[in-house]
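Work through the exercises below with the sequence and the structure in view. Each task is followed by a solution in steps.

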Amino acid sequence: MAKEVFLRQSSGLVRDVSPWSSMLANWALVTGGTPLLIISWLWLAPGANWTLAYLITLVPTLGMAFLYYVAASSMPRAGADYVFNSRAIHPAVGFANYWGLFIAFVLSQGFYSYLGASWIGYLFTGLGLYYHSSYLLSIGSFFTSKIGKIAWGLLVGTLITSLIAFSTRFHWRFILITGIISVVANIIMFIALLQINPSAFSNVLSSFSGITNATQNVISYAKSNGLSFYPAIYATLLASPAVWYYYSWYNVPASWSGEMKKVRINVFLSIVVAIILSAIYYILFTQINLSSFGSRFLDSYSYLYYKKCCCGLSIANPLICKLSNIGNFTPFFALLMLGNPILYIIMFIAIWLPNYYSGPPLVVGLSRYLFSWSFDRIMPSWMADVDERFNAPVKSIILITILSALGVIMYAYLPILSLVDVTVAFEISYAIFALSVALMPFIKKQLFNNAVIVRKRILGIPAISLIGFSTFGFLVYITYITWGNPVLLPVNMPTILSLILMYGSGFAIYYIAKIINSKKGVDVGLVFKEIPPE
């Protein structure tokens, strides 16, 4: 069977990915770039108990993570979650689902490469404000300009990131070293922030800005301009869509499970344990920042900054105007309070480095999806060519590099693009995967009995079905309450058309590939009755 329908008899990939490198990669994928989003989006749920929001949303997230663990452990191949999804109910559904998710990932790679320059800009702007240096301010201004973002996004965020991903062994060593550095930097950041309290911070901020009672001034101005603080329980529920997005991306290690040592323990550490560590990190980061600078101040500051810099509204508050080029970069607040530029740079590293070093493993993951589609004969065969020196599908990585570069340019010149399409694509794709896993024991009984590692039943119903249906229901609920959110999912025609194009093109590609292969005498339907060879 394998000789006739699959591209070749073996993948050519080498199993040399250690559990610790893989886990650190996923911790970066989940948390990279998120700390600044957390501070920027506090106003979406003013008054929320964020610790409770993280814990509540962690429950269904762990359920989903368990399903990805089952998929990658049962079928440890390149693109394992796609492989499992495409064989669980119908190959067209599996491919279209992961085609849509692939597009979301590529756009995200471009977006975070483009956004990374802004954080470099914040670093220099903060130093410029602190030292009253026009030279440092000019450097910060360059990196927050469109040309600076494009230059950084293309050179560092795209090209260098992909070069790191070329060599499998170098890539995973890089992940291990940078992962350890980022963990140490975050521990130092937390210890430093614990030295700050809202009262002392308010005094320092007033002295810096020349505004009497600066923090209360921001709170009062925000309330007079439309910000409402909700009861804690209601606000905590409002926080769940944002928290769910913060937890996403954790499926990516499944894509390189075909290269893992000790697959089951590796996948468990890489996906399930990484999510638990991410939850602990989010709780610590959010709570320590709120405790250091004041929850109502940060809610109000994020609200006014969003209104001024994202909505283009006229905000006359003097502090917001003074700090409009530093954004929601709380390490700058710590610099004002502690007066230690070394700690400031370490805090920058703590926030920025995970976002950067998550890029190479994302490139690896995306190239493995292309690899798996090629192996299943949906994509051209060259996408699965493995370079013997690098032990990687270099041609696929080059293609990902080009697509990511296009993503950088698109975010620069097409402002209509935003996280919105990415957010809903995650919600839809994860929901389809959960439903596919839930239905598999009933639709593909033989494959379920022969391949799936968890076949336990509860009251006669397969455990993975109970988890899958429950998780699917949660994701439908999250999508429903997110629909219309001005940041996460505004309802507009471009969003709807982009979703139709993303998933519709996936179905079209699958059926076109089926017709082309049929003319060559290859029955693609037979491919999806088997698990690809190792």
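Helices are DSSP runs of type H or I with at least four residues, numbered from the N terminus. The model used here is a predicted one.

**Exercise 1.** Locate Lys-262 among the helices, and decide whether Lys-262 is buried or exposed.

Solution.
Step 1. Helix H13 covers 240–247 and helix H14 covers 263–293; Lys-262 lies in the loop between these helices.
Step 2. The phi of Lys-262 is positive, about 45°, although the residue is not a glycine.
Step 3. The cut-off for exposed is over 50% relative accessible area. Lys-262 has 67% relative accessibility, so Lys-262 counts as exposed.

**Exercise 2.** Do the same for Asn-213: find the loop that holds Asn-213, and give the accessibility class of Asn-213.

Solution.
Step 1. Asn-213 is placed in the loop between helix H10 (198–209) and helix H11 (214–224).
Step 2. Asn-213 is a residue other than glycine with a positive phi, near 50°.
Step 3. Partly exposed covers the range between the buried cut-off, under 20%, and the exposed cut-off, over 50%. Because its relative accessibility is 41%, Asn-213 counts as partly exposed.

**Exercise 3.** Describe the largest nonpolar core, and state which helix gives the largest share of this core.

Solution.
Step 1. The largest nonpolar core has 182 residues, and those touching the most other members are Trp-50, Tyr-246, Phe-297, Phe-332 and Trp-373.
Step 2. Helix H6 (residues 91–131) supplies the largest share of this core, 20 residues.
Step 3. Take Trp-373 as an example. Leaving aside residues up to four places away in sequence, Trp-373 touches Tyr-82, Phe-95, Tyr-98, Trp-99, Phe-102, Ile-378 and Met-379.
Step 4. There is also a second, separate core of six residues, including Val-424, Leu-499, Met-502 and Tyr-503.

**Exercise 4.** How many cavities of 30 Å³ or more does the structure hold, and which elements give two or more residues to the lining of the largest cavity?

Solution.
Step 1. Rolling a probe the size of a water molecule over the atoms shows where empty space is left.
Step 2. One cavity of 30 Å³ or more is found in the structure. The largest cavity holds about 230 Å³ of space.
Step 3. Its lining has 21 residues, and Gln-109, Tyr-112, Asn-355, Ser-358 and Gly-359 lie nearest the centre of the largest cavity.
Step 4. Two or more lining residues come from each of helix H2 (19–31), H6, helix H8 (146–166), H13, helix H18 (341–357) and helix H19 (359–375). H6 gives the most to this lining, with five residues.
Step 5. Sorted by class, the lining of the largest cavity has eleven polar, ten nonpolar and no charged residues.

Definitions and conventions. Residues numbered from 1 in each chain as written. Predicted model: local features only at pLDDT ≥ 70, side-chain atom pairs only at ≥ 80, totals over all residues. Heavy atoms only, no water. Core = buried A, V, L, I, M, F, W, Y, C linked by side-chain atoms within 4.5 Å. Buried < 20%, exposed > 50% of the residue type's maximum accessible area, 1.4 Å probe, protein only. Contact = heavy atoms within 4.5 Å. 1 Å grid on protein atoms, 1.4 Å probe; cavity = no way out; pocket = protein on both sides within 12 Å on 5 of 7 lines; lining within 4 Å. Points joined across faces, edges and corners; volume = space filled by probe spheres on them. Nonpolar A, V, L, I, M, F, W, Y, C, P; charged D, E, K, R; others polar.
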